[in-house]
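Trainee: Could you take one part of this model and go through it closely? I would like to see how that part sits against the rest.

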Amino acid sequence: MGLAIAHRFAKEGFDVQLAARRPDELERAKADLEVRYAVAVTLHAFDALDFHAHESFMASLPKLPYVAVCVVGLLGDQRANETDLEAAVGVMRANYEGPATILGVIANFFEARGSGTIIGVSSVAGDRGRATNYVYGSAKAGFTAFLSGLRNRLAKTGVHVMTVKPGFVATRMTEGMNLPPALTATPEAVAERIFGGYQKGANVIYTKPVWRLVMAVIVSIPEGVFKKLKI
Ligand SMILES: NC(=O)c1ccc[n+]([C@@H]2O[C@H](COP(=O)([O-])OP(=O)(O)OC[C@H]3O[C@@H](n4cnc5c(N)ncnc54)[C@H](OP(=O)(O)O)[C@@H]3O)[C@@H](O)[C@H]2O)c1
């Protein structure tokens with residue numbers, strides 16, 4: 001999803017800074033972006049869990065970006081998370097602690113400048129905890145609440161925060177899963193929606209839009225009924 005988003009912004013002429021744990025593996029993606037869109041692309045080593053390094057990471061960038069997009073996440077295995085606390089903590093940290101801490105630091109840099117857009121990719125899974133993915137979902141719920149608070153804090157500073165809640169997306173994360181086509185987006189479609197939301201200054205977007213309705217229904221089911229359902 002991250003690369004599709006990078007392509008969408010590069011297509012509009014944005015220079016791109018790609019941050020990842022193994023930046024060497026992004027050399028081909030960098031060359032592709034440069035050739036296609038004639039923009040400058042730089043690669044940066046970054047681990048969202050290494051929060052002590054977040055400030056120095058930001059200070060080391062060749063220039064402070066106008067838009068920061070966080071796609072960090074880990075689906076994990078719900079069944080394993082129920083007994084393997086190491087795995088559960090890994091999912092909690094990758095979906096909440098890492099994304100929230102880096103975006104909190106970026107927010108401070110953007111606030112000092114007085115401009116910028118922060119885009120956090122959360123998930124519909126954070127809208128209601130379900131038996132099949134509540135460790136992941138609860139971390140996303142925390143991240144969604146963090147983004148809401150950050151947006152509220154920065155509303156009068158010139159810094160905008162957009163929350164993205166994808167439903168199913170056909171990426172490496174969902175490889176091999178049997179996803180319903182009507183509810184599944186391509187990374188390119190998600191990128192298109194994110195770019196549209198960015199242009200409009202949207203606060204919260206769902207990808208695909210039908211997920212807003214699906215989740216409104218799921219959230220409105222009374223707890224006494226919901227706990228007996230398998231959805
Ligand atoms: N695919 C879906 O159906 C779906 C639905 C709802 C929400 N989402 C969310 O969308 C976002 C993008 O996911 P995706 O579908 O594109 O899957 P993905 O390809 O697995 O992307 C997740 C990315 O997070 C990175 N990451 C994980 N831990 C990190 C860390 N500690 N530091 C830096 N990077 C880290 C991974 O990097 P490595 O390459 O180093 O592992 C990977 O590039 C995630 O937040 C995901 O939870 C996905």
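**Two packed helices and what surrounds them**

Mentor: In this predicted model, helix 5 (residues 85–113) packs against helix 6 (residues 134–154) at an angle of about 10°, and their axes are 8 Å apart. Because angles under 35 degrees count as roughly parallel, helix 5 is roughly parallel to helix 6. Angle and distance are the usual pair of values here: two packed helices are described by the angle between their axes and the distance between the axes.

Now the residues that make this contact. From helix 5 come Ala-88, Val-91, Met-92, Asn-95, Tyr-96, Pro-99, Ala-100, Leu-103, Ala-107 and Glu-111. On the side of helix 6 they meet Val-135, Tyr-136, Ala-139, Lys-140, Gly-142, Phe-143, Phe-146, Leu-150 and Leu-154. By type, the residues of this contact divide into 15 nonpolar, 2 polar and 2 charged.

Helix 5 also takes part in the core. The largest nonpolar core has 52 residues, and those with the most contacts inside it are Ile-5, Cys-70, Leu-103, Ile-118 and Ile-119. The largest share of this core, 10 residues, comes from helix 5. Leu-103 is also one of the helix 5 residues that meet helix 6. As for Ile-119, leaving out residues up to four places away in sequence, it touches Val-67, Ala-68, Val-69, Met-162, Val-164, Ile-194 and Tyr-198.

Next, the ligand. Around the ligand there are 24 residues, of which Met-1, Ala-48, Gly-73, Thr-171 and Met-173 come nearest. Two elements, helix 5 and strand 6 (168–169), give two or more residues to this shell. The shell divides into 14 nonpolar, 6 polar and 4 charged residues.

Ile-5, named above for its contacts in the core, leads to helix 1 (residues 2–11). Buried residues in helix 1 are Gly-2, Ile-5, Ala-6, Arg-8, Phe-9 and Ala-10. Their cover includes strand 1 (16–20), helix 2 (27–37), strand 3 (67–70) and helix 7 (187–200). Helix 7 holds Glu-192. Glu-192 and Ile-5 are 187 residues apart in sequence, and their C-alpha atoms are 7.7 Å apart in space. Glu-192 is partly exposed because 16 other C-beta atoms lie within 10 Å. By contrast, Leu-229 lies in the segment after helix 9 (223–226). Leu-229 and Gly-2 are 227 residues apart in sequence and 34 Å apart in space, C-alpha to C-alpha. Leu-229 has 10 C-beta neighbours inside 10 Å, so it counts as exposed.

A few points of backbone geometry remain. Most residues other than glycine have a negative phi, and most peptide bonds are trans. Just after helix 1, Gly-13 takes a positive phi of about 95°. Ala-38 is not a glycine, yet it has a positive phi of about 50°. Ala-38 lies in the loop between helix 2 and strand 2 (41–45), and it counts as exposed because it has 9 C-beta neighbours inside 10 Å. The peptide bond from Thr-207 to Lys-208 is cis, with omega near -15°. Lys-208 lies in the loop between strand 8 (204–207) and helix 8 (210–220).

Methods
Residues numbered from 1 in each chain as written. Predicted model: local features only at pLDDT ≥ 70, side-chain atom pairs only at ≥ 80, totals over all residues. Axes fitted to C-alpha atoms, helices over the stretch in contact; angles between N-to-C directions. Helix = DSSP H or I, 4+ residues; strand = E, 2+ residues; numbered from the N terminus. Parallel < 35°, antiparallel > 145°, perpendicular 65-115°, else oblique. Contact = placed C-beta atoms within 7 Å. Nonpolar A, V, L, I, M, F, W, Y, C, P; charged D, E, K, R; others polar. Near = placed C-beta within 6 Å. Core = buried A, V, L, I, M, F, W, Y, C linked by C-beta atoms within 7 Å. Buried ≥ 20, exposed ≤ 12 C-beta atoms within 10 Å, placed from the backbone.
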